[in-house]
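Subject: Structure handover

Hello,

Please find the structure below, with notes on what turned up in it. The notes go element by element and can be read alongside the model.

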Amino acid sequence: MKKAVGGNVAHCMKEVSDTLLTKKKLTAEIRLADGSKKIYRAEAKDYNKALMEIVYYVKSLEIGTEEKVLWRLSGEKLYRMGATVDKPKTPGRIKKFLEYLFALD
């Protein structure tokens with residue numbers, strides 16, 4: 001009886017650890033000027049790295065077709081045009097500290 005319970009618990013723990021360790025990969029839907037649709041799934045699991053991978057892919061499509069490309073990430077409603085992405089600007093700790101001390105603008 002203990003063996004069956006222990007094996008079941010070990011199986012449940014393996015499922016929990018597998019789901020916690022895996023992250024969902026970013027997927028982008030890309031629309032070209034001729035109306036065709038492409039789906040690109042990034043290889044990186046980190047959000048920022050995956051986003052940059054998608055941006056590089058879109059940029060290469062723009063260079064290849066010499067036209068603007070519409071794209072959006074899965075789950076988004078609005079399309080983005082081109083390969084420009086605004087990165088959130090977060091000041092570093094030193095800059096925050098200097099702004100606190102000297103009230104820099």
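In strand β3, L70 is the bridge partner of R31. This is a predicted model, and that pairing is a convenient place to start reading it.

Strands

The bridge between R31 and L70 belongs to the pairing of β1 with β3, which is antiparallel and runs over four bridges. β1 also pairs with strand β2 (residues 37–41), again in the antiparallel sense, over five bridges. β1 and β2 form a hairpin with five residues between the strands, and in this hairpin G35 has a positive phi near 95°.

How well is β1 covered? Four of its five residues are buried, so β1 is largely enclosed by the rest of the structure. T27 can serve as an example. T27 lies in β1 and has R41 of β2 as its bridge partner. With a relative accessibility of 13%, T27 counts as buried, because buried means under 20%. Leaving out residues up to four places away in sequence, T27 is in contact with I39, Y40, R41, R72, L73 and S74.

One general point helps when looking at the strands: in a regular strand, side chains alternate between the two faces of the sheet.

Core

The largest nonpolar core has 16 residues, and those that touch the most other members are L26, I30, I54, V58, V69, W71 and L73. At least two residues of this core come from each of β1 (27–31), α2 (47–65) and β3 (70–73). Helix α2 is the main supplier, giving six residues.

I54 shows what such a position looks like in detail. Not counting residues up to four places away in sequence, I54 touches L26, A28, Y40, A42, W71 and L73.

Salt bridges

Side chains of opposite charge can pair when their charged atoms come close. How many salt bridges does a search of the whole structure find? The search finds four.

One of them joins the side chains of K25 and E43, at 3.8 Å from N to O. This pair links distant parts of the chain, with the two positions 18 residues apart in numbering: K25 sits in the loop between α1 (2–21) and β1, and E43 in the loop between β2 and α2. K25 counts as partly exposed at 28% relative accessibility, whereas E43, at 57%, counts as exposed.

A second salt bridge is formed by E29 and R31, whose closest N and O atoms are 3.0 Å apart. Is E29 buried or exposed? E29 counts as buried, at 11% relative accessibility. Its partner R31 is partly exposed, with a relative accessible area of 31%. E29 and R31 are also linked with R72 in a network of salt bridges. R31 therefore turns up twice in these notes, as a partly exposed residue in this network and as the bridge partner of L70.

Another salt bridge is that of R80 with E76, where the closest N and O atoms are 2.9 Å apart. Both ends count as partly exposed: R80 at 24% relative accessibility and E76 at 27%.

Helix α3

What is the count of buried residues in helix α3 (residues 93–102)? The count is zero among its 10 residues, and the helix is hardly covered. A nonpolar surface patch of about 720 Å² is made by I94, F97, L98, Y100, L101 and F102. Of these, L98 is found in α3 and counts as partly exposed at 33% relative accessibility. Just after α3, A103 takes a positive phi of about 55°.

A loop residue

E66 also has a positive phi, near 60°, and is a residue other than glycine. E66 is placed in the loop between α2 and β3. With 71% relative accessibility, E66 counts as exposed, because the cut-off for exposed is over 50%.

For a first look at the model, two places give the contrast in cover: β1, where four of the five residues are buried, and α3, where the count of buried residues is zero.

Regards

How values were computed: Residues are numbered from 1 along each chain as its sequence is written. This is a predicted model: local features need pLDDT of at least 70, side-chain atom pairs count only at pLDDT 80 or more; totals for chains, interfaces and linings use all residues. Side-chain values use heavy atoms; hydrogens and water are left out. Buried means under 20% relative accessible area, exposed over 50%, partly exposed in between (1.4 Å probe, protein chains only). Patches are made of residues with over 30% relative accessible area and no salt bridge: like charges are joined within 9 Å, nonpolar side chains (Val, Leu, Ile, Met, Phe, Trp, Tyr) within 5 Å. Accessible areas come from the Shrake-Rupley method with a 1.4 Å probe; for residues, only the protein chains shown count as cover. A nonpolar core is a set of buried Ala, Val, Leu, Ile, Met, Phe, Trp, Tyr and Cys residues joined through side-chain atoms within 4.5 Å. Contact means heavy atoms within 4.5 Å. Two strands pair if DSSP finds at least two bridges between them.
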